[in-house]
Amino acid sequence: MSTAVISNIVILAAGKGTRMVSAQPKVMQKLAGQPMLAHVLQTAVLLQPAKIIVVYGYGAEQVSSFLVNQDVVLVHQKELLGTGHALLQALPYIDHHAKVLIMYGDVPLLHPDTLKALMHKVDRNNLSLLTQQIVNPLGYGRVVRDRYGAVKRIVEEKDATESEKKIDEINTGVMCILAEQLGDLLPKINNLNAQKEYYLTDLIDLAAREGILINTFISTDMDETLGINNRTHLAMAEKILRKRAAERLLNQGVCVVDPDRIDVRGQLDCGTDVEIDIGCIFEGNVKIGDNVKVGAYSILRDVILGNNVQILPYTLMESAIVGNDSRIGPYARIRPGTQLGSGVHVGDFVEIKNAIIGNESKINHMSYVGDSEVGERVNIGAGTITCNFDGENKHRTIIGDNVFIGSDTQLVAPVTVEQGATIGAGSTITKTVPEGALALSRVKQISVKDWVRPKKIRKQD
Ligand code: UD1
Ligand code: CA
């Protein structure tokens with residue numbers, strides 16, 4: 001990118017995306033956990049242009065509310081009359097002497113370096129076009145060259161002759177041109193074609209006629225130029241992003257057991273010697289310390305894990321913080337607002353919500369701990385339930401250090417169990433248990449000696 005000239009990026013994102021067969025606008029379809037448009041925008045931002053303009057139209061409310069906090073100029077294309085028409089709507093907002101990079105909202109996998117190279121050689125006599133040679137060009141615009149190899153025009157699939165359809169060089173939708181030339185040429189585009197649309201691609205023909213050289217940049221990465229028109233394309237793009245994320249992790253030294261079976265839908269930062277087994281999903285911001293093992297089919301969303309943590313298979317965690325040396329799962333559910341100290345053990349079928357669990361405490365089997373503060377070295381027996389909800393309000397349970405809670409205990413909140421207390425199995429605790437005390441609330445056992453079981457009465461025919 002020349003430093004003397006400022007650049008603008010225009011993202012065309014007004015289309016409906018009929019082939020998605022969805023009520024949502026195409027650019028809002030999710031890709032690696034974010035709208036497709038977010039990926040395009042992130043790439044645009046990395047290029048540090050003076051201005052980013054987004055043309056939106058279909059699903060206007062959804063798209064504009066997604067963009068509301070972004071540093072972009074929003075331009076509404078009221079009638080969807082084609083890509084040329086879309087760019088024409090943006091023209092009044094483009095800086096006069098800028099280099100203008102045009103991107104499509106449904107081409108989300110481009111590398112910033114490819115775009116930088118494309119923007120470099122653009123001046124009064126040169127415009128840049130990103131093309132790709134592909135085996136199956138079906139659906140894309142084809143790049144038509146003259147017999148000397150110079151680009152003459154782009155022909156859309158629906159307007160192409162049989163021989164033009166055989167051209168395997170396609171238009172990726174990305175081009176870069178000076179604003180002045182765009183201002184001259186864009187209004188000249190007409191809609192005399194099979195789809196009665198104003199094709200932006202006609203700009204190439206118009207420019208070539210003016211003697212402007214069309215420099216093509218042929219992308220070497222087959223994946224990056226994928227245009228997403230239907231759900232098959234969307235799934236392909238998801239797969240490419242999955243591969244990219246896995247490669248990034250592998251290069252950082254993370255042991256990803258099977259790079260085809262990991263999904264990163266957000267930001268995942270790992271320390272050294274982290275091992276991730278198959279089928280795991282990471283969403284939002286996840287930070288993992290050193291020597292951590294994440295077991296198969298675990299889902300971690302906005303989670304921070306300390307060092308030496310073990311997540312055993314099939315664990316679901318959301319908005320939680322875990323201290324060093326803790327062990328969670330298998331089949332644990334850790335819900336938002338959970339903070340586990342270090343050396344904490346949480347076992348199978350345990351649900352924890354909005355609770356602080358102190359160092360070295362253990363909740364090993366089938367329990368629910370919600371809205372609670374649990375001290376250090378507490379042992380919570382199997383089947384313990386904090387009854388935090390009275391039907392209207394949620395209440396807190398406070399458990400001191402070194403408490404022992406026997407199996408099958410209900411703690412009816414608000415309630416406090418002071419430090420060092422013991423609760424006998426099967427108790428229902430409704431009042432404060434004082435420090436060091438034993439609390440028991442179960443019915444006394446009776447034993448009837450020599451009990452004779454009832455005998456089965458035979459039916460008479
Ligand atoms: C377009 C190109 C084609 C190219 C392909 C690359 C045209 C005429 N054709 O075809 O040469 O090979 O992309 O993927 O440009 N849009 C608007 N307003 C509109 C119409 C579309 O903003 O009125 C936006 C869409 O939201 C989309 C982008 O422009 O993000 C491309 O539109 P789409 O209809 O998908 O064009 P293609 O048929 O894929
Ligand atoms: Ca498209």
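The following legends describe close-up views of two pockets in a predicted model.

**View 1. Centre of the largest pocket.** The largest pocket encloses about 1600 Å³ of space. Its lining comprises 50 residues, and R19, K26, D106, G139 and N229 are those nearest the centre.

**View 2. Helices and strands lining the largest pocket.** Two or more residues of this lining are contributed by each of the strands β1 (7-13) and β10 (169-178) and the helices α3 (83-90) and α8 (231-251). The greatest contribution is that of α8, which supplies 5 residues to the lining of the largest pocket.

**View 3. Residue classes around the largest pocket.** Sorted by class, the lining of the largest pocket consists of 20 polar, 19 nonpolar and 11 charged residues.

**View 4. Centre of the second largest pocket.** The volume of the second largest pocket is about 630 Å³. A total of 22 residues line the second largest pocket, with H39, Q42, L241, R244 and R248 nearest its centre. The elements giving two or more residues to this lining are α1 (36-46), α8 and β13 (262-270). By class, the lining of the second largest pocket holds 11 nonpolar, 8 polar and 3 charged residues.

**View 5. The second largest pocket and the two domains.** Where does the second largest pocket lie with respect to domain 1 (6-218) and domain 2 (245-439)? The second largest pocket lies between these domains, because both of them give residues to its lining.

Methods
Residues are numbered from 1 along each chain as its sequence is written. Chains are lettered from A and ligands numbered from 1 in the order in which they are written. This is a predicted model: local features need pLDDT of at least 70, side-chain atom pairs count only at pLDDT 80 or more; totals for chains, interfaces and linings use all residues. Side-chain values use heavy atoms; hydrogens and water are left out. On a 1 Å grid over the protein atoms alone, a cavity is a set of points where a 1.4 Å probe fits but cannot get out, and a pocket is an open set with protein on both sides within 12 Å along at least five of seven lines; lining residues have an atom within 4 Å of a point. Grid points are joined across faces, edges and corners, and a volume is the space filled by probe spheres set on the points. Helices (H or I, at least four residues) and strands (E, at least two) are DSSP runs, numbered from the N terminus. Ala, Val, Leu, Ile, Met, Phe, Trp, Tyr, Cys and Pro count as nonpolar, Asp, Glu, Lys and Arg as charged, and the others, Gly among them, as polar. Domain bounds come from an automatic or database domain assignment.
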